[in-house]
Amino acid sequence: MSITKTGTLKAAKDLLEQHKKEARLDKRKQNLDLLWKALEEMRIAGATRFNLADVGRKLESVGGPKTQSLRNASGVAFREVIALYTSAFERHASDPAFEEIERALSTVTNASSKHFFRGQAIQMRKLAADCQMLRVAISSMSASSMPSVQSSATSASQSPIPGWALDAIEQSLSPSWLSERGLTLSADAGVRDAQNTCLFEPDFLAAMDELLKAGGRKALAGREHL
């Protein structure tokens, strides 16, 4: 049986109710209720991960909007609820860092502000972990291990670059993965957050493309045609 942070589940429910109050259309309120129904059915079935694609499929099966609708600008309220709901399963209640965040948030009385700060804290912790994974992947690709460029058709099996490292780059810099975390990717602007702060420069993305090509992979999705 999975261990959840029940307080965070309540916070997710409170946020959903807040979005329902702010919704002007009855259909949107109904879809928010269906979102909660989908999340709860997934949880009861034993799910501990609630990525956007899985939630979208479940939500569609109970009569709600499709995954693409969740990814659109109008789906931000749904993504916020999903992210907060998911966080209940990501940290054990005894995690000191998680407890420290919750203690700090307990002093915030405004519900909207509390949600904003909690979301920022969770996102920054996720981003730090993901950046660390990328740093580990990059550090394993030392210049001495890079093959001489003989052909653009070099196969992954001939490359000294570990497959797991290439997988890490593809996953952590995929447009869908970045979108779920409120980040965007483009050839001329790099990776930016919702405040338009640049997290990875275009040159960094170009370097990742070169590593992928050296390993027999395609350029980062979303960049090959830009």
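This is a dialogue on reading cores, aromatic pairs and salt bridges in a predicted model.

Reader: Where should I start with the packing, and which residues have the most contacts inside the largest nonpolar core?

Author: A nonpolar core is a set of buried nonpolar residues joined through side-chain atoms within 4.5 Å. Here the largest such core has 25 residues, and L35, L39 and Y85 have the most contacts inside it.

Reader: Which elements give two or more residues to this core?

Author: They are α1 (6–22), α2 (26–44), α3 (52–61) and α5 (76–87). Helix α2 supplies the largest share, with 7 residues. There is also a second, separate core of 17 residues, and I161, L166, L185 and L211 are among its members.

Reader: What is Y85 in contact with, leaving aside its neighbours within four places in sequence?

Author: With that exclusion, Y85 is in contact with L9, A12, W36, L39, E40, R43 and F50. Two of the names in that list, W36 and F50, return below as its ring partners.

Reader: How is a pair of aromatic rings described?

Author: By two values, the distance of the centres and the angle of the planes. A search of the whole structure gives 2 aromatic pairs. In one of them, the ring centres of W36 and Y85 are 5.2 Å apart and the planes stand at 85 degrees, so this pair is edge-to-face; the cut-off for that label is over 60 degrees.

Reader: Which parts of the chain does the pair of W36 and Y85 tie together?

Author: W36 belongs to helix α2 and Y85 to helix α5, so the pair joins parts that are 49 residues apart in sequence. W36 counts as buried at 13% relative accessibility, and Y85 counts as buried at 0%.

Reader: What are the distance and angle for F50 and Y85?

Author: The centres of F50 and Y85 are 5.1 Å apart, with 80 degrees between the planes, and this pair too is edge-to-face. F50 sits in the loop between α2 and α3 while Y85 is in helix α5, so the pair ties together parts 35 residues apart in sequence. F50 and Y85 are both buried. Taken together, W36, F50 and Y85 make up one aromatic cluster.

Reader: How many salt bridges does a search of the whole structure find?

Author: A salt bridge is counted when a side-chain nitrogen of Lys or Arg lies within 4 Å of a carboxyl oxygen of Asp or Glu. The search finds 10. One of them joins the side chains of K20 and D33, at 2.7 Å from N to O. This pair links distant parts of the chain, with K20 in helix α1, D33 in helix α2 and their positions 13 residues apart.

Reader: Are K20 and D33 buried or exposed?

Author: K20 counts as buried, at 18% relative accessibility, whereas D33 is partly exposed, at 35%. Both belong to a network of salt bridges that links K13, E17, K20 and D33.

Reader: What separates R43 and E40 in helix α2?

Author: They are 3 residues apart in that helix, which means about one helical turn. Their salt bridge has its closest N and O atoms 2.9 Å apart. R43 counts as partly exposed at 30% relative accessibility.

Reader: Where do K213 and E210 lie?

Author: Both are in helix α10, 3 residues or about one turn apart. Their side chains meet in a salt bridge of 3.0 Å, N to O. K213 is partly exposed at 43%, as is E210 at 48%.

Reader: In which helix is D203 found?

Author: D203 is also in helix α10, residues 202–214. D203 is exposed, with a relative accessible area of 66%. Its C-alpha atom is 7.8 Å from that of G190, 13 residues apart along the chain.

Methods: Residues numbered from 1 in each chain as written. Predicted model: local features only at pLDDT ≥ 70, side-chain atom pairs only at ≥ 80, totals over all residues. Heavy atoms only, no water. Helix = DSSP H or I, 4+ residues; strand = E, 2+ residues; numbered from the N terminus. Buried < 20%, exposed > 50% of the residue type's maximum accessible area, 1.4 Å probe, protein only. Contact = heavy atoms within 4.5 Å. Phe/Tyr/Trp six-rings, centres within 6.5 Å; stacked < 30°, edge-to-face > 60°.
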